[in-house]
Amino acid sequence: MTTHRKLSPGKLVIASHNQGKVREIRALLEPFGIEPISAGDLNLPEPEETGTTFAENALLKARASAAGANCVALADDSGLCVTALDNRPGVYTADWAERQWFEGDKGRDWYMAMGKVEGKLAEQGPDVNRSGYFICTLALAWPDGHSEVFEGRVSGNLIWPPRGTLGFGYDPVFQPIGFDQTFAELDPAQKHAMSHRADAFQKLVTACF
């Protein structure tokens with residue numbers, strides 16, 4: 001049986017510069033006496049995500065922040081996997097949103113990314129399988145090199161056009177199974193309770209608190 005290292009109350013670095021993600025993680029961690037601080041607030045550099053799996057990328061980010069801040073760090077690598085697209089964009093979920101039209105215009109355009117997914121689905125005709133899932137891999141890293149990894153997912157269908165303004169990323173086109181609303185139309189508290197991130201967090205909480 002695997003023994004997991006326990007997390008003590010106190011500071012923990014969230015290895016992310018994505019404010020939407022930081023907000024979600026903060027809401028999930030604060031009840032446990034954890035004081036989350038983001039890598040962005042500490043001006044820690046973002047390591048290049050060279051991994052080919054969610055776990056590899058999450059560990060890269062967590063270890064970089066743990067070493068940079070000399071503090072326990074938590075990283076999340078998450079993405080959208082679309083069945084008809086051979087589970088793409090997958091680990092390249094954020095890359096599909098990268099804008100590189102000309103110098104000075106770099107950044108992420110999630111509407112463009114959603115359009116890219118929809119365009120590839122549309123190419124396969126009206127009867128295309130529109131199912132997919134969000135996956136979240138959480139990695140905890142300690143400054144001494146110890147690490148833990150947890151994975152969660154939530155299944156749904158891709159809809160078009162996008163609906164809702166409450167989420168971020170691909171939330172406006174993702175309708176979880178059993179719901180008529182997209183992730184971007186659901187109350188954030190309701191989304192937090194049943195998302196891929198919540199699923200992974202539940203596993204982390206059971207193991208580490």
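A residue counts as buried here when its relative accessible area is under 20%, and as exposed when that area is over 50%, with partly exposed in between. Keep that cut-off in mind, because buried residues make up 47% of the 209 residues in this protein. One more thing before you click around: the model is predicted.

**Stop 1: the whole chain**

Start with everything shown as a cartoon. You should find five helices and nine strands. Going along the sequence, they come in the order β-α-β-α-β-β-β-β-α-β-β-β-α-α. The radius of gyration is 17 Å, close to the 17 Å that the globule rule gives for 209 residues, so the protein is as compact as a globular protein of that length. If you draw a box along the principal axes, the C-alpha atoms fill roughly 50 × 45 × 30 Å.

Now think about who touches whom. Take the contacts between residues at least 6 apart in sequence: 57% of them join residues at least 24 apart.

Switch on the surface next. The protein exposes about 10,400 Å², and carbon and sulfur atoms supply 51% of that. Colour by charge and you'll have 20 positive and 27 negative side chains to look at; the centres of the two sets lie 2 Å apart.

**Stop 2: the largest nonpolar core**

Hide the surface and select Leu7, Leu12, Leu74, Leu140 and Leu204. In the largest nonpolar core, which has 20 residues, these five touch the most other members. Which elements each supply at least two residues of this core? They are β1 (10–14), α1 (19–29), β7 (131–141) and α5 (196–208). Helix α5 gives the most, with five residues. In soluble globular proteins, nonpolar side chains tend to be buried together.

Zoom in on Leu140. Setting aside its neighbours within four places in sequence, its contacts include Leu7, Leu12, Leu74 and Leu204. Also on its contact list are Val72, Ala73, His146, Ser147, Glu148, Phe150 and Cys208.

There is a second, separate core to visit, made of 19 residues. Select Trp96, Val154, Leu158 and Leu186 to see some of its members.

**Stop 3: helix α1 and Glu24**

Next, select α1 and show its side chains. Gly20, Lys21, Val22, Glu24, Ile25, Leu28 and Leu29 are buried in this helix. What covers them? Among the elements doing so are β1, β2 (34–38), β3, α4 (188–194) and α5.

Glu24 deserves a click of its own. Is Glu24 buried or exposed? Its relative accessible area is 4%, so Glu24 is buried. Leaving out neighbours within four places in sequence, Glu24 is in contact with Phe168, Lys191, His192 and Arg197.

**Stop 4: two asparagines with positive phi**

From Glu24, jump to Asn70. The two are 46 residues apart along the chain, and their C-alpha atoms are separated by 23 Å. Asn70 sits in the loop between α2 (54–69) and β3 (73–82). With a relative accessibility of 62%, Asn70 counts as exposed. Check its backbone: phi is positive, about 50°, although Asn70 is not a glycine. Most residues other than glycine have a negative phi.

Asn87 is another non-glycine residue with a positive phi, about 65°. Look for Asn87 in the loop between β3 and β4. Its relative accessible area is 35%, so Asn87 is partly exposed.

**Stop 5: two cis peptide bonds**

Most peptide bonds are trans. Select Arg88 and Pro89, though, and you'll find them joined by a cis peptide bond, with omega about 0°. Pro89 belongs to strand β4 (88–89).

Then go to Trp160 and Pro161, where the peptide bond is cis with omega near 0°. Pro161 is in the loop between β8 (147–158) and β9 (174–176).

**Last stop: Thr93**

Finish at Thr93, in the loop between β4 and β5 (98–99). Despite the loop address, Thr93 counts as buried, at 7% relative accessibility. What does Thr93 contact, neighbours within four places in sequence aside? The list is Ser78, Gly79, Leu80, Trp110 and Tyr170. Add Gly169 to your selection as well: Thr93 and Gly169 are 76 residues apart along the chain, yet their C-alpha atoms are separated by 9.0 Å.

Definitions and conventions:
Residues numbered from 1 in each chain as written. Predicted model: local features only at pLDDT ≥ 70, side-chain atom pairs only at ≥ 80, totals over all residues. Heavy atoms only, no water. Helix = DSSP H or I, 4+ residues; strand = E, 2+ residues; numbered from the N terminus. Rg over C-alpha atoms; globule rule 2.2 N^0.38 Å. Buried < 20%, exposed > 50% of the residue type's maximum accessible area, 1.4 Å probe, protein only. Contact = heavy atoms within 4.5 Å. Areas by Shrake-Rupley, 256 points an atom, 1.4 Å probe, with all protein chains shown as cover. Lys, Arg positive; Asp, Glu negative; His and termini not counted. Charge placed at Lys NZ, Arg CZ, Asp CG, Glu CD. Core = buried A, V, L, I, M, F, W, Y, C linked by side-chain atoms within 4.5 Å.
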